[in-house]
Amino acid sequence: MSTQREETAPRTADLASTGGVQQAEPPQFLNAVMGIAVAVCVVVSLVHIALVFLHVAPPNEITKRYGAQIDAWVNPFFEQNWRLFAPDPETATRQISVRTRTTKDGVAKVSDWFDLSAVDYAAIENNPFPSHTNHNMLRRAWVAYLETHGNDDQPHSERAMMIQQYLRNIAVQRLTAHRRAPFEAIQLRVITKPIARPAEVGNSRPAPRPVADVRLLPWWAVSNDS
Amino acid sequence: MPGLEPTGAHTTEANKRRAFDRLSALGTALTEQPVSLYAAAALRIGYGLFYLVFLLTEFSHRDEIWGPGSPWTPSLANQLFEQTGWASILTLSDNRVYFEACYVGAILTSALFMFGWRTRVTSILFAIVVGSFHARAVYMTDGGDNLVILMAIYLVFTACGRRWSLDARRNRLRARPDAASGWVLARQTLTTVLHNCAMFIIAAQICILYGAAGFYKVHGETWGNGTALHYVLNQELFRPWPTLSSFVDSLPLLVAVVCYMTVLLQVAFPFVLFSRIKYPVLAMMLGMHLGIAVLMGLPLFSAAMIIADAVFLPDRFYRFVADTWQQSRTANWLVRRRSQIRWHKVPRQLMRPPRESVETPATQPSDDSAIAGK
């Protein structure tokens, strides 16, 4: 007899018998409560799966009408983020650099660029177990910046302000870990370099060299305590 | 034709009864037979170990990711919680000592969850830990972390401590009288229903995951023309072994095949689960994730996915693995001890490997009858 059967056998026997002699009969109301509980479990499970499905499904008639309710159920605890490399992997690489400004005797002095992305690349190379700090921190902060700011560098929402602050903190932390000199403000520069298309079969001529896009962000003041 | 009418009525009656029988059988199974207890245990051990490894490998980065010194400051995190409704035990205080205590607590909770000690309570603590760490650094997470938080929540409702756990060991050692009162029965039924529903949700969630990942890719131009992998291989963030990545990238046919296989596998996944094709598909999924782990340097992401796939393996597979492991362990023990054992003194019964040792209760009835016989 397996453990599983041992657990279930006495129960089945008890539920089947109408006049249990040694064992107490489950009270009537308990049976009713159990029936309701079982039904609730099943219904909640099915509804949950349906809502999660609708949440990840492409926009449709149902999500147009009930999108808010679906999101309210799924977020935040059942967040669904399955878009790694989808619909397309990024076809460009990004190099994010930072420079600093200091003012001495009324003269502003600007440093040369410090490559923030290079810190990640160096940490990832030949590392079988790269850290989340190198894979996700700068990458996701920049994606979030693009999502909240678009092409204009003015934060129009509370979330945009938060992301800007986050990006600034990352830059400041990495910079101070490598350079000791104090500074008053920082500026970020993002160079987006498209990845060359694969050489076409039977065509020995290499694909045309893609042109990089340079985006210069505004200067952000850095308070000394942060 | 009046002669046919009774037969027709008869068959509808029989059909109705058959449908009703099936429905009530389903109801009995739902309330009385916890499904896939071994798979649930595998998920518990898998995700407990996963989080333990995660916390230990990120130990030197802990402050940067979750601590008071993170660029995503505690006040930013709290501001986000107000907007999203999340919460985290980590932002209750900015104190450094409090954070370190939470970290140690998280490590202990993950270990206890893995070992299945007081599993129901530990599983709730584990879900709180995973949720807190996930929410504290939500801009640091990827799909793997997303899956782990979902699984941590779903596992709370399963009976994942019934097998391969300290709880199971304790129950085995302690002979407990079966006092089946109405309340005890009700509790058992409720536990079973919750477990079955949660396992069903876990399976459905994984299908939705793969289905969504596959369908999103179908829209992608680069997956369609079979060059997506080329771009992934050239992402500096995802090429820990540049020579290996360049080598794979230099084989355009392989790149195209892998692209199509990835999309096909993911889209097909929910539809193959009800047939025997699921085993080769699961094996290919395993291969795909091992490839991602090594080639793209995403071992934790891959591990989270591989553990999730384990839910689709049947209990007889896990029992086979356990038996094999037990036997090989016994064999190894014998090999190691061979020089020390005085063979003429070993009773004959002990020399046979204990086949039934995994399912200890299986031997109990015969023991009892042997005692009764005396």
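# Questions about a predicted two-chain model

Reader: Which residues does His135(A) touch, leaving aside residues up to four places away in sequence?

Author: Happy to start there, and please keep in mind that this is a predicted model. His135(A) is found in helix H5 of chain A. Not counting residues up to four places away in sequence, the residues touched by His135(A) are Pro130(A) and Leu237(B).

Reader: Is His135(A) buried or exposed?

Author: A residue counts as buried if 20 or more other C-beta atoms lie within 10 Å of its own. His135(A) has 22 other C-beta atoms within 10 Å, so His135(A) is buried.

Reader: What distance separates the C-alpha atoms of His135(A) and Tyr121(A)?

Author: Along the chain, these two residues are 14 residues apart. In space, the C-alpha atoms of His135(A) and Tyr121(A) are separated by 8.9 Å.

Reader: What is the order of the elements along chain A?

Author: Let's begin with the totals: chain A has six helices and six strands. Reading from the N terminus on, the order is α-α-α-β-β-β-α-α-α-β-β-β.

Reader: What share of the residues of chain A count as buried?

Author: Chain A has 226 residues. His135(A), which we met above, is buried. For chain A, the share that counts as buried is 19%.

Reader: How many bridges join S1(A) to S4(A)?

Author: Strand S1 covers residues 92–104 of chain A, and strand S4 covers residues 185–194. The two strands run antiparallel, and one bridge partner of a residue in S1(A) can be named: Val98(A) has Leu188(A) as its partner in S4(A). The number of bridges joining S1(A) to S4(A) is ten.

Reader: Which residue of S3(A) does Ser97(A) stand opposite?

Author: Strand S3 takes in residues 114–115 of chain A, and two bridges join S1(A) to S3(A), with the strands running antiparallel. In S3(A), the residue opposite Ser97(A) is Asp115(A).

Reader: Which residue in the turn between S1(A) and S2(A) has a positive phi?

Author: S1(A) is joined by four bridges to strand S2, residues 107–110 of chain A, and the two run antiparallel. Lys104(A) has Val107(A) as its bridge partner in S2(A). The two strands form a hairpin with two residues between them, and the turn residue with a positive phi, about 55°, is Asp105(A).

Reader: Which element gives the most residues to the side of chain A that touches chain B?

Author: The contact takes 71 residues from chain A and 71 residues from chain B. Among the elements of chain A that give two or more residues are helix H1 (3–16), helix H2 (28–56) and helix H5 (132–149). With twelve residues, the element that gives the most is H2(A).

Reader: How many nonpolar residues does the side of chain A that touches chain B have?

Author: Sorting that side by class gives 21 polar and twelve charged residues. The nonpolar residues number 38.

Reader: How are H2(B) and H5(B) oriented to each other, roughly parallel or roughly antiparallel?

Author: Helix H2 (residues 37–57) and helix H5 (residues 96–115) of chain B pack with their axes 8 Å apart, at an angle of about 155°. Angles over 145 degrees count as roughly antiparallel. H2(B) and H5(B) are therefore roughly antiparallel.

Reader: How many nonpolar residues are in the contact of H2(B) with H5(B)?

Author: The crossing of these two helices, H2(B) and H5(B), is left-handed. The contact residues include Leu49(B) and Leu52(B) of H2(B), along with Ile107(B) and Phe113(B) of H5(B). Besides two polar and one charged residues, the contact of H2(B) with H5(B) has nonpolar residues numbering ten.

Definitions and conventions
Residues numbered from 1 in each chain as written. Chains lettered and ligands numbered in written order. Predicted model: local features only at pLDDT ≥ 70, side-chain atom pairs only at ≥ 80, totals over all residues. Contact = placed C-beta atoms within 7 Å. Nonpolar A, V, L, I, M, F, W, Y, C, P; charged D, E, K, R; others polar. Axes fitted to C-alpha atoms, helices over the stretch in contact; angles between N-to-C directions. Parallel < 35°, antiparallel > 145°, perpendicular 65-115°, else oblique. Left-handed = near helix turned anticlockwise from the far one by under 90°. Pairing = 2+ DSSP bridges. Buried ≥ 20, exposed ≤ 12 C-beta atoms within 10 Å, placed from the backbone.
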